[in-house]
Structures are given as C-alpha cells and as structure tokens.
Amino acid sequence: MKTLQSLTFSSIILIVLSIFLTGSTSPTDPADLILGTFWAPDKDGKIEMYKKGNTYWGKLTWGKQMDLKDTENPDPSLRSRKVVGIDIFMDFEYDRDEQEWINGRIYNSSDGNLYKAELWYEDGNTESLMGRGYLGLPIFGVTKEFEKIK
C-alpha cells in the first residue's frame, strides 16, 4: 500500500512537471506575434491588437486627443462617436506561407475611408509591424510602421 501511494504521488508530480515544462517551452503560434500594443505611426495613438475568433483586430485605446470625434465617417450616425475605443484594424487572417496578416481592413478616421490592408514584420523584427493600406491594388497603397510598445 505504501508503494502504491508513493507511486501515485510520484506520478502526480511527474504529470504536473511535464505540463508545466511543456507549457513553458512550447513555441508561440507565429500568428499571435501580432498581439500586443503598438504606437500609431505618428505616436499620437496606441493600438491594441487582439484576436477575435480566427482573425486579428486592432482597437485604438489611447490618443493624444481623447475626445476626438469620428467626424469624417461616411455614416452620419457614427460621426459623434469618439475615435478612441473603435476598431481601426479589422478581419486580418494569418497566411502561414507568407508569414503575414492578409485580407484585413484599416479604418482611417482622418478621411473616413476603409482601406484594404496587409500587415507583416520585416526581417523577423517583431518590434516593428509594417502595414500597407490601399484602395484597389497594393501597389497603389501607403506603407506605415507601427512600433511595438514594451
């Protein structure tokens, strides 16, 4: 009986240790490297990237002008809402082959436009997220850098 009890206790310890070690050493899903908080390109806002289902979104969580309204929104009913708190990055899917987030959209409250967009890290630098927004084809778009906040 004593052997069975010590074996059970030892087994429990081994199971707990293996769960702990496996959890702490398992690689992070590369798709989730986008999660976190980033500076807007002019450092006048902070964007919190988060996962919603299988897609990635970004909410403006802080801005130099906290009371700035969404006055350029094409929907008149949304023009009185504050820009801080809205999702400005929407529906990004991770492409494992290309190692980038694709098929997303970026909302620009300055002009009220919704742009098709792609996001990626250049040369494995996960401190600097690159984003390209465009209407039509990516070649006609604009690329901006979003610095990760530590």
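Start by colouring the strands: eight of them make an open sheet in the order β1-β2-β3-β4-β5-β6-β7-β8, with antiparallel pairing. Keep in mind as you look around that this is a predicted model. Now pick out β1 (36–39) and β8, which stand at the edges of the sheet. Each has a single partner strand, so one side of each is left without a neighbour in the sheet. Turn the view a little: neighbouring strands here are rotated by 30° against each other on average, direction ignored.

**Walking across the strands**

Select residues 45–52 and 55–63 next. These are β2 and β3, an antiparallel pair joined over eight bridges. To see one bridge, click Gly-45 and find its partner in β3, Gly-63.

Move on to β4 (residues 87–95), which pairs with β3 in the antiparallel sense over three bridges. Here Lys-59 has Asp-87 in β4 as its bridge partner.

Then add β5, residues 100–108. β4 and β5 pair over five bridges, again in the antiparallel sense, and Asp-95 stands opposite Glu-100 in β5. The two strands form a hairpin with four residues between them. Stop at Gln-99 in that turn, where phi is positive, about 55°.

**Looking for charged pairs**

Side chains of opposite charge can pair when their charged atoms come close. How many salt bridges does the structure hold? There are seven, and three of them make good stops.

Begin with Arg-96 and Asp-29, whose side chains meet at 3.0 Å, N to O. This pair links distant parts of the chain, 67 residues apart: Arg-96 sits in the loop between β4 and β5, and Asp-29 in the loop between α1 (2–25) and β1. Is Arg-96 buried or exposed? With 52% relative accessibility it counts as exposed, while Asp-29, at 27%, counts as partly exposed.

Next, select Lys-51 and Asp-32, a salt bridge with the closest N and O atoms 3.5 Å apart. Lys-51 lies in strand β2 and Asp-32 in the loop between α1 and β1, so the pair ties together parts that are 19 residues apart in sequence.

Return to the hairpin strands for Arg-105 and Asp-91, which meet in a salt bridge of 2.5 Å, N to O. Arg-105 belongs to β5 and Asp-91 to β4, so parts 14 residues apart in sequence are tied together.

**Last stop: a nonpolar patch**

Finally, show the surface and select Leu-137, Ile-139 and Phe-140. Together they form a nonpolar patch with about 390 Å² of accessible area. Ile-139 lies in the loop between β7 (128–134) and β8 (142–147), and its relative accessible area of 66% makes Ile-139 exposed.

How values were computed: Residues numbered from 1 in each chain as written. Predicted model: local features only at pLDDT ≥ 70, side-chain atom pairs only at ≥ 80, totals over all residues. Heavy atoms only, no water. Patch = residues over 30% accessible without salt bridge, like charges linked within 9 Å, V, L, I, M, F, W, Y side chains within 5 Å. Areas by Shrake-Rupley, 256 points an atom, 1.4 Å probe, with all protein chains shown as cover. Salt bridge = Lys/Arg side-chain N within 4 Å of Asp/Glu carboxyl O. Buried < 20%, exposed > 50% of the residue type's maximum accessible area, 1.4 Å probe, protein only. Pairing = 2+ DSSP bridges. Axes fitted to C-alpha atoms, helices over the stretch in contact; angles between N-to-C directions.
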